[in-house]
Every structure is written in structure tokens, then in C-alpha cells.
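This note sets out points for discussion, beginning with the ligand site and continuing with the sheets. Please read it alongside the sequence and the structure.

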Amino acid sequence: MQKEVICIARLQRSVTLRRQTTVEKSGDGMNKRVALENLPSKMLIGGEWVDAQSGEAFDVENPATRAPIAKVPRGNALDVDRAVAAGLSAFPSWRTVPPRERGRLLLQIADRLDHRAEEIATTIALETGNALRTQARPEAKAAADIFRYFGGLASELKGETIPLSETVLSYTRREPLGVVAAVIPWNAPLLLAAVKVAPAVCAGNTVVLKTAEDAPLAVLKMAEVCQEYLPPGVLNVLTGTGIECGAPLFSHGQVAKLSFTGSTAVGKIAMEAAAKRILPVSLELGGKSPVIVFPDADEDWVADGIIAAMRFTRQSQSCTAGSRVFLHRSLFDRMLDRIVAKTSALQVGDPLDEASDVGTLINAKQFAKVCGYIEDGIAQPHSKLLAGGLPPKQGPLSQGYFLTPTIFASTNNKWRLTREEIFGPVMVAIPWENEDDVIRMANDTHYGLAAYVFTHDVGKALRCAHSVEAGWVQVNQAAGQSPGHIYGGYKESGLGREFSLGAMLDSFTQTKNVTINLTR
Ligand code: NAD
């Protein structure tokens, strides 16, 4: 009970939540108002902005106020058919556009996205609840950078010659696949859309992208920009639910590739659909990433690194969140004191307020789920709540899905909070003494997306980096993905890689070998 009182008091002293749908500040307030007045309400199919064929629509909510801010079409199998048909009809001519010309169009899209970055960032903050300053603005910039990066790589879509003999010419071509079906989640909607659309389109494919129910608006704005430069049908964007719109897209008989980012459970559904038609499939799935801190890393900056790894300023709604923090016993209490002091200084509040470091969780379902984990943590005899906890029932922050960074110390590595992906701001710190033990604990999971190691000892750092089962290990830092980064998961965290040249070639082209007898 006392724990709960402490965390409510902390929430109450956070910034006051303004009504976000109308009130704006001066300065960049103009951009916010533009964003609010021009929220998209249609899907993009074959170059046209359309409603669902059923005529149905659904609300998009602002998670900071729980108020609806827009309505978008409730696409279903009929709309999927239309969108795939548009992608098929655009494909023959798009694939023959010279790659550097396709790249040039992507560079123009990047510039235009930069131009609209503030408006798009505000839209991201409104629909996801991610704080504008710490998350949404960097995401809008990063999405433009992704288009710029892949646009610059267009001429790398090249083949090889194979020295079979002096009388034979054997070479390979990188050819596009056809219509790519892409499905994305809500947590970084614009970046995740860009990371699929830019390489797929650059490689000569057309795309049908299904947005996430909770966050379709910024992606539709990205589609507006793409539409200014790409021929009709090259990019088609659908809004709708997973069951009604995502499932028929996965199982559509004429898509050539499935590219999915989301939960491991839905990733398995995508893989089953791909298996039925022997389709190539890329999966970027969930994570439960370990952070390993060695005794020599008993320093202040390491606490900052651990907080960054946990992605607390994204409400930890990040697949790479370092949510299992293995602290060496010699520094366990000291490091936790630092982390608690620093996280308590983070401002939780209105995502549109420049002062906010942390925004809101995405929706009621996710909020209830994360609160359930916190209740479980509070109830366990082996765990101790050190920061955060259950949300307030009254006060400005109770209007939205706000939670403060929550930290448990526990001696147990085998309970729900250390095994399941919470996708919310709940960290568990676990002490360790022996290097072999900590590696074993870190690898005791079916996930394998990211890992973080903190030590000055290069030998320990590299031993750890090589033995941790994860697709991405960072030492003494906890950055986000950047263009060129070969990114993807081990184990049930995924299949295939994104963000890089290799990813574009492997995920969005197929290789044809042509062999010619030169003596005839
Ligand atoms: P989710 O799997 O529930 O939904 C993702 C998308 O799949 C949404 O567009 C949804 O509508 C659609 N979908 C749901 N059911 C479907 C079905 N039966 N058929 C077809 N489509 C369906 O995931 P979420 O809750 O939106 O996102 C959170 C998850 O995404 C977390 O597990 C997180 O780790 C993961 N994620 C992974 C990465 C990565 O790069 N590895 C990045 C971001 C998020």
C-alpha cells in the first residue's frame, strides 16, 4: 500500500496535462494546429484516396486524453484485393524504371518528409502518445533519413559475373519480387513503415502496407508525400484491423513477399501463411533483452546507459528494451540508487509538451496488461518495488494511459516479469556474481533481439558480446537503429535483417543466374 502511495505522489507532481485537441502554444504551435486540422481519413489505393468498400470506419484515439482524434477506413479483404490489384498493375512498369531514377525519387521523398517533419512528428505524438521532443521528432527525422539512405543505394542493386570458363558468360541479376505485403505495429509507426517501403520500392517492388489500428495517421501522411513522387499503385496503404485486413493480406494469392514487424505470436501466423505458398518472409518480432553490468562499470554514465537501453522515454514500448538488468552484486544497490534517482527526474506528461520526457502507453489494453505485470511484481515475495508502480486513479495524468518508469529488484530470473515481453516501463534488476552464470541467465529466453554490456574490460565485453544469443549487442552504449545497421533477431525475435544494403538485397530482391555459351 505504501509503495502505491509513493508512486501516486510522484505522478501528481508531474506536469499538468493540457487538452491537446485544440489548445496550442505559440512558435511551433502553428505546426501542431495544422497537424490537427489535416489528419488523414482515407486509405491510398492505386493513387486514389478511398474509403473502405464496406463504408465502415473506426476511431483513432489520442492516448493522452483517451479522446478520438480521427476516423479512418475499416479496410477488409475487399480492399486488400483492390490494393494488391493496384500493386500488380503498377509492377511491370515500375520494375523497369532504372534503379538510379527510382533512387532519385526516394531522395525527393526524403527532402519532402524533412520539410513536413514537424507536422508529421506532431501527428506521431498525438496518435502514439510518444513524447514529441524525445521520440516523435527524432522518429520523423529518422524516417526521412531511411528514404535518403536507400535512395542513395539504388545503384547497388547489381549482380555478379561467375568465372565458369572462357567460353561461358555467367552472370546474376537482382530482380524485384512483385507486390510486397507489409504489416507494421504502432510503437514507431513511421520509422517501421519507412524501413519497409523505402528498400522494397527502391528495389523495384510495389507495396501494400497495412498500418497498425492505433497509429495509422503519420504513415498516411508519409503516403501523401510518397504519392507526390511515385506512380499510382507503387505504394498502397490500408487501414484496418489485424484479423479483417492483415490476415487477408498475408494469405492473398498474388502477393510475392511478406514483411512483418510485430509480436512473435502474429509473426508465427505470417510464417504459416508464407509457408502455404513458399513465399519469402521477413519477421521483426518481440524481445526481452538483457543488460549485463560488470563490477568495473560502477559509474554514473552507466546508469544513463541502462535507462537508455530500457527505452524509458518511449514508455519502454520498444522491441529492443533492455528490461532484464543483470547488475554485478558488488554494485547492485549503488547502481539501482542511481537509476532510481535519474528515472524519478524524468517528466511524465503531455506528449506535445516540450518539457515532457515520457508520454503515454498506447491504449487501454496495453495499459491494463502492463498494470497487471506491476501488480504481480508488487505481490511477489522475491521482488521489491524501487520506483514507479501503479498509476494514479485521479489527477491530470489519470486522463490518459500514463505510467512512471517502474523498477523492481529481484533475485529470481524465472518469473513472468523476467520471461515475458511486457512492452511497457517495467524493469527488473537481478544480481549476479559469476560470468558464466550471467551469460546463462541472459540466454535463458526464447527471444534474441538485442543485448547491452557495460564494462571497461575489452576481453569481458567481447566474450560477452560473442556468447549472448542476440542479433544486436551494444557495448557501453544503448543507441537506436540507424541506416546501414544490419538489424534483426535471433531465436523467436525474428528472421531476416532490415535497415541495411544487405537487407534490401536479401529481403526485397531475388537473384537470377543467366548463363550463355559463347561458342555458338
Ligand atoms: P501485433 O503483432 O499485435 O500487431 C502488429 C500488426 O499485425 C498490426 O498491424 C496488427 O493489426 C497486425 N495483426 C494482428 N493480428 C494479425 C493477424 N492475425 N493477421 C495479420 N495481421 C495481424 O503487435 P503490436 O502489439 O502492434 O506491436 C508490439 C510488438 O511488436 C511487440 O512484440 C514488439 O516487440 C514488436 N516489435 C518488433 C520490432 C522489431 O524490429 N523486432 C519493432 C517494433 C515492434
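1. How far does a polar side-chain atom of Glu 421 lie from an oxygen atom of the ligand? In this predicted model, the separation is 2.5 Å. A comparable entry concerns Ser 263, where a polar side-chain atom is found 2.6 Å from a ligand oxygen atom. For Ile 184 the backbone takes part: one of its polar backbone atoms is 2.7 Å from an oxygen atom of the ligand.

2. On burial of the ligand, the reference area is that of the ligand taken alone, 850 Å². The protein buries 89% of this area.

3. The shell around the ligand consists of 29 residues, and the closest are Ile 184, Glu 213, Ser 263, Leu 285 and Glu 421. By residue class, 17 members of the shell are nonpolar, eight are polar and four are charged.

4. Which elements give two or more residues to this shell? They are helix H9 (242–250), strand S10 (257–261) and helix H10 (264–277). The most is given by H9, with five residues. At the level of domains, domain 1 (9–285 + 493–512) and domain 2 (290–483) each supply at least three residues to the shell.

5. Turning to the sheets, seven strands form an open sheet with mixed pairing, in the order S14-S15-S16-S13-S12-S18-S19. Its edges are strand S14 (383–387) and strand S19 (472–475); each has a single partner strand, so one side of each lacks a neighbour in the sheet. From one strand to the next, the twist averages 20°.

6. Within that sheet, strand S15 (residues 406–410) and strand S16 (residues 426–432) run parallel and are joined by four bridges. One residue pair may serve to locate the register: Phe 408 has Val 428 of S16 as its bridge partner.

7. A further open sheet has three strands in the order S5-S6-S22, and its pairing is antiparallel. Strand S5 (161–165) and strand S22 (509–517) occupy the edges with a single partner strand each, so one side of each is left without a neighbour in the sheet. Neighbouring strands here are turned against each other by 25° on average, direction ignored.

8. Which residue of S22 is the bridge partner of Tyr 171? The partner is Val 514. More broadly, strand S6 (residues 168–176) pairs with S22 over nine bridges in the antiparallel sense. Strands of a sheet pair through backbone hydrogen bonds, in either a parallel or an antiparallel manner.

Methods. Residues are numbered from 1 along each chain as its sequence is written. This is a predicted model: local features need pLDDT of at least 70, side-chain atom pairs count only at pLDDT 80 or more; totals for chains, interfaces and linings use all residues. Side-chain values use heavy atoms; hydrogens and water are left out. A residue is near a molecule or strand if one of its heavy atoms lies within 4 Å of it. A polar contact is a pair of N or O atoms within 3.5 Å; within protein, one must be able to donate a hydrogen and the other to accept it, and residues adjacent in sequence count only if both atoms are side-chain atoms. Accessible areas come from the Shrake-Rupley method with a 1.4 Å probe; for residues, only the protein chains shown count as cover. Ala, Val, Leu, Ile, Met, Phe, Trp, Tyr, Cys and Pro count as nonpolar, Asp, Glu, Lys and Arg as charged, and the others, Gly among them, as polar. Domain bounds come from an automatic or database domain assignment. Two strands pair if DSSP finds at least two bridges between them. Axes are lines fitted to C-alpha atoms, for helices over the stretch in contact, and angles run from 0 to 180 degrees between N-to-C directions.
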